[in-house]
Amino acid sequence: MYLPDHFKEVDPAEIASIIAGAPLACVVANSLEGLVANHVPLLLDKGGDLIGHFALANEMHRTVADGQEVMAIFRGVDGYISPNTYPSKLEHHRHVPTWNYQVVHVHGIITFQHDERSKRAAIGLLTRDQERRVNGDRAWKMADAPADYMLDMIAKIVAFRISVTRTIAKSKLSQNRDQRDLDGAVEGLKAHGDQALAERMVAKRC
């Protein structure tokens, strides 16, 4: 990933926030059939591993070797920045459009898990995290479904862990602009309803 110094994201809390806020990762690996990519929700466990699961019908757990290096890409907020939002444009017109975004590349070693306990843990941790966000005290639990139905569903997945070896993160949020142009870009985003990106740009400059 192209990573100028002024866009490097090194704050562990910010990196964790990007991952938690955009859990649908693109998992990329070199397989027997060449490069493959699958989009799956992942969760960081307390030990720092990424956990998730594939459908049993998904060929990735057969074409990617156990213990192989993979990369999980988490894409946070992003959006188009128009030069028209920069006050300094009226003075010299030396601006071009750009795209702001946050992204995290997590490299690690993938291990596939076929036992029922690991599969239950992968589903349980992920659904508990998401259900609490969506439903709070009324969160869905695995125990809510009939036992035979859950057994059938669990039999149709493969759990996996990615032991993280390195993490590269980027926050391209107009840090290279002066304050008035940054403020102009933020107001431009807000005017078009892109509140999330505008807030991240303000927070990053603070």
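**View 1. Ser 88, a buried serine in a loop of this predicted model.** With a relative accessibility of 4%, Ser 88 falls under the 20% cut-off and therefore counts as buried. Look for Ser 88 in the loop that runs between E5 and helix H3 (89–92). Its side chain makes a polar contact of 2.7 Å with the side chain of His 95. Setting aside neighbours within four places in sequence, the contacts of Ser 88 are His 93, His 95, Arg 180 and Asp 181.

**View 2. His 93 and Ser 174, two loop residues with positive phi.** Most residues other than glycine have a negative phi, so a positive value is worth a second look. His 93, in the loop between H3 and E6, has a phi of about 60 degrees. Ser 174 has a phi of about 65 degrees and sits in the loop between E7 and helix H6 (179–191). Are these residues buried or exposed? His 93 counts as exposed because its relative accessibility is 53%, whereas Ser 174 is buried, at a relative accessible area of 3%.

**View 3. Helix H1 and its buried face.** Four residues of H1 (residues 12–21) are buried: Glu 14, Ile 15, Ile 18 and Ile 19. Down the helix axis these residues fall within an arc of 140 degrees, so they line one face of H1. The face turned away from that buried side carries the exposed residues Pro 12, Ala 13 and Gly 21. The cover over the buried residues includes strands E3 (43–44), E5 (69–81), E6 (98–113) and E7 (157–172), together with helix H7 (195–205). At the N-terminal end, Asp 11 acts as a cap for H1, with a side-chain oxygen 3.1 Å from the backbone nitrogen of Ala 13.

**View 4. The largest nonpolar core, with Val 104 among its members.** This core has 24 residues, and those with the most contacts inside it are Leu 42, Val 64, Ala 72, Phe 74, Val 104, Ile 110 and Phe 160. At least two core residues come from each of H1, strand E1 (24–31), strand E2 (34–41), strand E4 (50–55), E5, E6 and E7. Which residues does Val 104 touch, not counting those up to four places away in sequence? They are Ile 15, Ile 18, Ile 19, Ala 72, Ile 73, Phe 74, Thr 167, Ile 168 and Ala 169. Ile 15, Ile 18 and Ile 19 also appear among the buried residues of H1. Apart from the largest core lies another, of 10 residues, including Ile 81, Ala 185, Val 186 and Ala 198.

Definitions and conventions: Residues are numbered from 1 along each chain as its sequence is written. This is a predicted model: local features need pLDDT of at least 70, side-chain atom pairs count only at pLDDT 80 or more; totals for chains, interfaces and linings use all residues. Side-chain values use heavy atoms; hydrogens and water are left out. Buried means under 20% relative accessible area, exposed over 50%, partly exposed in between (1.4 Å probe, protein chains only). The arc is that of the directions from the helix axis to the C-beta atoms. Contact means heavy atoms within 4.5 Å. A polar contact is a pair of N or O atoms within 3.5 Å; within protein, one must be able to donate a hydrogen and the other to accept it, and residues adjacent in sequence count only if both atoms are side-chain atoms. A nonpolar core is a set of buried Ala, Val, Leu, Ile, Met, Phe, Trp, Tyr and Cys residues joined through side-chain atoms within 4.5 Å.
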